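Okay, thanks for coming, everyone. I'll put the structure up and then walk through a few spots I'd like us to look at together.

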Amino acid sequence: MDIYQLAIRPLLFNVVKTDSEWLHQQTIRSFSWLSKTPASWANQRLQKSLCLYDSRLEQNLFGLNFPNPVGLAAGFDKDGVAAGIWSNLGFGFAEVGTVTFHAQPGNPRPRLFRLPLDKAALNRMGFNNSGAVAMAARLAQEKHELTRSIPIGINLGKSKITPLEAAAQDYLDSFRLLKNLGDYFVVNVSSPNTPGLRSLQDASMLSAILDLLQQENRAHKPIFVKIAPDLDWVAIADIITLAKTYQLAGIIATNTTISRDRLKTQAIDQTGKSPQDEAGGISGEPLRDRSTEVIRFIWQQTQGQIPIIGVGGIFSAEDAWEKITAGASLIQVYTGWIYEGPMMVRRILAGLLSKLEQSGLNSINEAVGLQTKIPKF
């Protein structure tokens, strides 16, 4: 029995109609407290209830060991305040941030909205975070006190006050502070909520950022680029070329979408406006098919030579399997986890093991790109 789905979510979403951002802040505070007491009874109970360990789900990718392929996407733990808790909730890895070099408050509230009819969220947070200096201090303390059991990635964004022509230096400044504290790094040039940011996906702009980062990256930390689902195939092909040129670890596909196609929600409760009249990116189920298309395209264009982290609309083992067999080595969840609750990760992992058995496969690695592999005769 899933108490979250039966009682807690209906109460928060429908009866109390709790503000999405306030609820998120309270959740993060609770997780932050739990992360500071790793040996507590509560953490032991979480591990027993929410974690599933099986060697068939393990992968070693770009020099890191992932106990399972399901990760927490960037945006949930923006300041890395709960980095120590995510393994206890069943995740195989977690990505903190987006962090910017300069601390910033983000966009005016309200800026986070649930769209239950669409199993989606609309956000225009605007990279609200405490800045790279604060994150570096926090993660250094956490690394000193705890032994990490899962990889922790750091998602880097551009500070709003930094002009676009100085973007590369802004990313570099954050990376310099954090390069010894993250297991992998993500260049986020695809959020729709910082003015002009998506223009950095242009090949010439992105190459300047990647060039500076890789010059600094003497420890050869894995670096990814996170792309928008709204790019056309030519633009994605250009980014694939850059990923090869700058020897990136891989591509994260995809960020939120600015598309409002086929949404069922007519009006958002907090504002009374339609989603079409509200700025921000859509995550959740409406993004699912497009992000899978982008994953499949990248896999096909690279013959599976560039690792892909798939994100967008994952709620079930079926959704996860679709992303993995399209070409994603790893997947990330956020909106689905909000809707489905903390038991979701374990359910997905159990479902993936069933899929492996049904397909006669011995490991999750064998399933990656299975849809697009040419059969051998």
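Let's start with a question: is Asn188 buried or exposed? Keep in mind that what you see is a predicted model. Asn188 comes out as buried, because its relative accessible area is 3% and the cut-off for buried is under 20%. It lies in strand S8, which covers residues 184-188.

So who does this polar side chain talk to? There's a polar contact between the side chains of Asn188 and Thr98, at 3.2 Å. Then there's the backbone nitrogen of Ser191, which lies 3.4 Å from a polar atom of the Asn188 side chain. If you leave aside neighbours within four places in sequence, the contacts of Asn188 include Phe127, Asn155, Tyr171, Lys226 and Asn255.

Next up, the aromatics. Searching the whole structure turns up 16 aromatic pairs. One of them is Phe31 with Trp86, an edge-to-face pair with 5.3 Å centre to centre and 75 degrees between the planes. Phe31 lies in helix H2 and Trp86 in the loop between S3 and S4, so this pair ties together parts that are 55 residues apart in sequence. Are these two rings buried or exposed? Phe31 counts as buried, at 13% relative accessibility. Trp86 is buried too, with a relative accessible area of 0%.

Another edge-to-face pair is Phe76 with Tyr334, at 5.4 Å centre to centre and 70 degrees between the planes. Here the link is between distant parts of the chain: Phe76 is in the loop between S3 and S4, Tyr334 is in the loop between S13 and H10, and they are 258 residues apart. Phe76 is buried, at 2% relative accessible area, while Tyr334 counts as partly exposed because its relative accessibility is 23%. Both pairs belong to one aromatic cluster, made of Phe31, Phe76, Trp86, Phe91, Tyr334 and Trp337.

While we're on rings, have a look at Trp233. Arg290 lies over its face, 4.4 Å from the ring centre.

Now the nonpolar core. How many residues does the largest one have? It has 84, and those with the most contacts inside it are Trp86, Tyr171, Leu178 and Trp337. The largest share of this core, seven residues, comes from H11. To take Leu178 as an example, and not counting residues up to four places away in sequence, it touches Val99, Ala132, Met135, Ala136, Ile154, Leu156 and Phe185. Apart from the largest core lies another one, of 13 residues, among them Phe93, Phe224, Ala249 and Ile309.

That brings me to H11 itself. This helix runs over residues 344-359, so to speak a 16-residue stretch, and reaches 22 Å from first C-alpha to last, close to the 22 Å expected at 1.5 Å a residue. Its buried residues include Met344, Val345, Ile348, Leu349, Leu352 and Leu356. Bear in mind that an α-helix has 3.6 residues a turn, so residues three or four places apart point the same way. What do the buried residues of H11 pack against? They pack against strand S3, helix H9, strand S13 and helix H10. After the helix comes Gly360, with a positive phi near 70 degrees.

That's my tour. Happy to go back to any of these spots.

Conventions: Residues are numbered from 1 along each chain as its sequence is written. This is a predicted model: local features need pLDDT of at least 70, side-chain atom pairs count only at pLDDT 80 or more; totals for chains, interfaces and linings use all residues. Side-chain values use heavy atoms; hydrogens and water are left out. Helices (H or I, at least four residues) and strands (E, at least two) are DSSP runs, numbered from the N terminus. The expected span of a helix is 1.5 Å times one less than its number of residues. Buried means under 20% relative accessible area, exposed over 50%, partly exposed in between (1.4 Å probe, protein chains only). Contact means heavy atoms within 4.5 Å. Rings of Phe, Tyr and Trp (its six-membered ring) pair if their centres lie within 6.5 Å; planes under 30 degrees apart count as stacked, over 60 as edge-to-face and the rest as tilted. A charge sits over a ring if NZ of Lys or CZ of Arg is within 6 Å of the ring centre and within 35 degrees of the ring normal. A polar contact is a pair of N or O atoms within 3.5 Å; within protein, one must be able to donate a hydrogen and the other to accept it, and residues adjacent in sequence count only if both atoms are side-chain atoms. A nonpolar core is a set of buried Ala, Val, Leu, Ile, Met, Phe, Trp, Tyr and Cys residues joined through side-chain atoms within 4.5 Å.
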